[in-house]
Amino acid sequence: MAHQIELNPVSHLTIGTIGPPGNRTFYLQGGRGSQTISLMIEKEQASMLANSLETFLEELEQKHPVSMREADESVMQDMRLREPVEGLFRVGNMGMGFNETANQIVLVAYELVDEDEEPDVVSFWASRRQMKALVTHARDIVAAGRPVCGNCGRPIDPEGHFCPNRNGHRH
């Protein structure tokens, strides 16, 4: 039987990695009080989440503008992963929504499972400010990986890089 966990609201929401560039494991992590939930995600999911959240926040601002006081609020947030980091499950897909009454965004993560199985689900409820911080931080985390070769677009390892474009080989 699938489980559903709801953190409403989160006091901590971040994306982080463990491991060296090229061998990093990405995590989506949220917490409320003493409860912390870490979910394994792919680098591409982190990047797509940042892009999707940014678009969602822009659309939300047009439909439901925040007050000037809320817009000016800026609070530093600790975006580091909280230890211990133990992945509850690998995320298959994510969705988001908005509760107008509570002025909160919900990020829903579904477990990656076979078609005939019910996924576990975790819902992270957060403020717009927390989500904006998540967008910025996720982009920084994704960009902090291995540099990309300007000729072929593949990552460059610390040991070096075989570039098929520079050696006359294309696959």
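The following exchange works through selected features of a predicted model.

Biologist: How many disulfides are there, counting by the sulfur-to-sulfur rule?

Modeller: A pair of cysteine sulfur atoms must lie within 2.5 Å to be taken as a disulfide. The cysteine sulfur nearest to that of C149 belongs to C163, and it is 3.7 Å away, so this pair does not meet the cut-off of 2.5 Å. The count of disulfides is therefore zero.

Biologist: Is C163 buried or exposed, and what is its relative accessible area?

Modeller: C163 is in no disulfide, and its nearest cysteine sulfur is that of C149. A residue is called buried when its relative accessible area is under 20%, and C149, at 9%, counts as buried. C163 is likewise buried, and its relative accessible area is 4%.

Biologist: Which residues does L13 contact, leaving aside its neighbours within four places in sequence?

Modeller: L13 is part of strand β2, which covers residues 12-18, and with a relative accessibility of 2% it counts as buried. Once the neighbours within four places in sequence are set aside, the residues in contact with L13 are L28, Q29, G30, M79, F124, A126, M131 and L134.

Biologist: What is the handedness of the crossing in which α1 passes α3?

Modeller: Helix α1 spans residues 43-63 and helix α3 spans residues 128-143, and their axes come within 9 Å and cross at roughly 145°. Residues that meet there include L49, L53 and L57 in α1, and M131, L134 and V135 in α3. The crossing of α1 past α3 is left-handed.

Biologist: How do the residues of the contact of α1 with α3 divide into nonpolar, polar and charged?

Modeller: Among the residues that α1 brings to this contact are K43, E54 and E61, while those from α3 include R128, K132 and R139. Taken over the contact of α1 with α3, the residues divide into six charged, two polar and 11 nonpolar.

Biologist: Where does P84 lie, given that the peptide bond leading to it from E83 is cis?

Modeller: The cis peptide bond from E83 to P84 has an omega near -10°, and another cis peptide bond, from N8 to P9, has an omega near -5°. P9 falls in the loop between β1 and β2. P84, for its part, lies in the loop between α2 (68-72) and β5 (87-99).

Biologist: What is the phi of N103, a residue that is not a glycine?

Modeller: N103 sits in the loop that joins β5 and β6, and at 23% relative accessibility it counts as partly exposed. Although N103 is not a glycine, its phi is positive, at about 55°.

Terms used: Residues are numbered from 1 along each chain as its sequence is written. This is a predicted model: local features need pLDDT of at least 70, side-chain atom pairs count only at pLDDT 80 or more; totals for chains, interfaces and linings use all residues. Side-chain values use heavy atoms; hydrogens and water are left out. Buried means under 20% relative accessible area, exposed over 50%, partly exposed in between (1.4 Å probe, protein chains only). Helices (H or I, at least four residues) and strands (E, at least two) are DSSP runs, numbered from the N terminus. Contact means heavy atoms within 4.5 Å. Axes are lines fitted to C-alpha atoms, for helices over the stretch in contact, and angles run from 0 to 180 degrees between N-to-C directions. A crossing is left-handed if the near helix is turned anticlockwise from the far one by less than a right angle, and right-handed if clockwise. Ala, Val, Leu, Ile, Met, Phe, Trp, Tyr, Cys and Pro count as nonpolar, Asp, Glu, Lys and Arg as charged, and the others, Gly among them, as polar.
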